[in-house]
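Grab a pencil and keep the 3D view open while you work through these exercises. Try each task yourself before you read its solution.

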Amino acid sequence: MSAALAVAWQRLLGVARGGCTAALGRGLRTGPQRLQDLTQAAKQAEDQSATDLSPLILQRNSMRWDGKIYEEIPIAHIKATYNNTHIQVVSFDNRPFARTSCGTEGFQNAKKGTAIAAQTAAMAAAVKARGKGVLHVRVMVKGLGPGRKAAIKGLTMGGLEVISITDNTPVPHNGCRPRKARRM
Amino acid sequence: MANHLRFVGRTVMVQNGNVEAAYSALNRILSHDGLVDVVRRGRYYEKPCRRRQRLAYEACRRVYNAEMGRKIGFLARGARQDPWLGC
């Protein structure tokens, strides 16, 4: 892994010395991401030399949505717990656009932990975000709950266009001890 | 990976507005990598004795399924030359 990283870093420096300092000067914020993209590109080139199976993640540096690059598109965080679903639409620099949950949509207690509630909450969030001028959104899902898929569907039904789905479910490397097993 | 490779790992891009296909691709990747089982199992604590029993059970199951698959593949061989040719 470090060898591939070193190769990618040398290539990055070579590109910079070749005159494309604009890529480096774009901002240290996107530096590590470009490095990781190059690392993945190097690994992909080593693995599949002849076949053109490069995933869209490698090509998305050249894709534009309304003239914006991928890193500037607002993010929709969906936290799907077993009892509720929260949706928050945020800009790329963490300015909030809309925040809804099943509880804010009028559902109570057990009904909050359903797919229909998640869908209505997502539709409301999408309408609010649309009102603030958000068109494309990249989705980050956290948790395995009943509203996980329904919330994404609700966002598309509410008028936002989903361009990518990321799973951000927290996986502890054996951190906090969960509660004891239920005996039913 | 909260702040480090933020949109690189566990990410699926949506092609041609087909959100369903992208979500199912993401689910397939996650379950193939074992993440779904890990998250589901981590909801409640699994005591070390139960964990050892489960790992042993899964190992035996894996061996049994592999052997049974081999046996079925052997018995289901189709294109062979006739062993009783001439009788």
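A salt bridge here is a side-chain nitrogen of Lys or Arg within 4 Å of a carboxyl oxygen of Asp or Glu. Keep in mind that you're looking at a predicted model.

**Exercise 1. A network of salt bridges**

Task: work out how R148(A), D167(A) and R10(B) are linked.

Solution:

Step 1. Start with the general idea: side chains of opposite charge can pair when their charged atoms come close.

Step 2. Look inside chain A. D167(A) and R148(A) form a salt bridge, with N and O 2.7 Å apart. That value is within the 4 Å cut-off, so the pair counts.

Step 3. Ask where the two partners sit. D167(A) belongs to strand β5 of chain A and R148(A) to helix α6 (residues 148-157), so their salt bridge ties together parts that are 19 residues apart in sequence.

Step 4. Now cross over to the other chain. R10(B) also makes a salt bridge with D167(A), and here the closest N and O atoms are 2.9 Å apart.

Step 5. Put the pieces together: D167(A) pairs with R148(A) and with R10(B), and the three residues make up a salt-bridge network.

Step 6. Check the surroundings. Both D167(A) and R148(A) are buried.

**Exercise 2. A threonine beside the network**

Task: find T169(A) and say what T169(A) is in contact with.

Solution:

Step 1. Locate the residue: T169(A) is in the segment that follows β5 of chain A.

Step 2. Is T169(A) buried or exposed? Its relative accessibility is 5%, and buried means under 20%, so T169(A) counts as buried.

Step 3. Look for a link to Exercise 1. The side chains of T169(A) and D167(A) share a polar contact of 2.9 Å.

Step 4. Set aside neighbours within four places in sequence and list the contacts. In chain A you get V141(A), K142(A), G143(A) and R148(A); in chain B you get R10(B) and V39(B). Two of the names, R148(A) and R10(B), are members of the salt-bridge network.

**Exercise 3. Where the chains meet**

Task: describe the contact between chain B and chain A.

Solution:

Step 1. Count the residues: 26 come from chain B and 34 from chain A.

Step 2. Look at the area. The two chains bury about 3,100 Å² between them, and 65% of that is on carbon and sulfur atoms.

Step 3. Count the pairings. There are two salt bridges across this interface, one of them being R10(B) with D167(A). You'll also find ten residue pairs in polar contact, both residues at pLDDT 80 or more.

Step 4. See which elements of chain B take part. β1 (11-13), α1 (19-32) and α2 (35-41) each give two or more residues to the side touching chain A, and α1(B) has the largest share, with seven residues.

Step 5. Sort the chain B side by type: 17 nonpolar, five polar and four charged residues.

Step 6. Don't miss the strands. β5 (residues 161-167) of chain A and β1(B) run antiparallel and are joined by three bridges. In this pairing, S164(A) stands opposite M13(B).

**Exercise 4. Two hairpins in chain A**

Task: trace how β1(A), β2(A) and β3(A) pair up.

Solution:

Step 1. Begin with β1 (residues 75-80) and β2 (residues 85-90) of chain A. They run antiparallel, with six bridges between them, and H77(A) has Q88(A) as its bridge partner.

Step 2. Follow the chain around: these two strands form a hairpin with four residues between them.

Step 3. Go on to β3 (residues 96-101) of chain A. β2(A) pairs with β3(A), again in the antiparallel sense, over five bridges. H86(A) stands opposite S101(A) here.

Step 4. Inspect the second turn. β2(A) and β3(A) make a hairpin with five residues between them, and N94(A) in the turn has a positive phi of about 65°.

**Exercise 5. Two salt bridges within chain B**

Task: examine the salt bridges of R40(B) and R54(B).

Solution:

Step 1. R40(B) pairs with D37(B), the closest N and O atoms being 2.7 Å apart. Both lie in helix α2 of chain B, three residues apart, about one turn of the helix.

Step 2. Check exposure. R40(B) is exposed at 52% relative accessible area, while D37(B) is partly exposed at 30%.

Step 3. R54(B) pairs with E46(B), and the closest N and O atoms are 2.6 Å apart. R54(B) is buried at 16%, whereas E46(B) is partly exposed at 21%.

Technical notes. Residues numbered from 1 in each chain as written. Chains lettered and ligands numbered in written order. Predicted model: local features only at pLDDT ≥ 70, side-chain atom pairs only at ≥ 80, totals over all residues. Heavy atoms only, no water. Contact = heavy atoms within 4.5 Å. Buried area = accessible area lost by both parts, 1.4 Å probe. Polar contact = N/O pair within 3.5 Å; in protein donor to acceptor, adjacent residues only side chain to side chain. Nonpolar A, V, L, I, M, F, W, Y, C, P; charged D, E, K, R; others polar. Pairing = 2+ DSSP bridges. Buried < 20%, exposed > 50% of the residue type's maximum accessible area, 1.4 Å probe, protein only.
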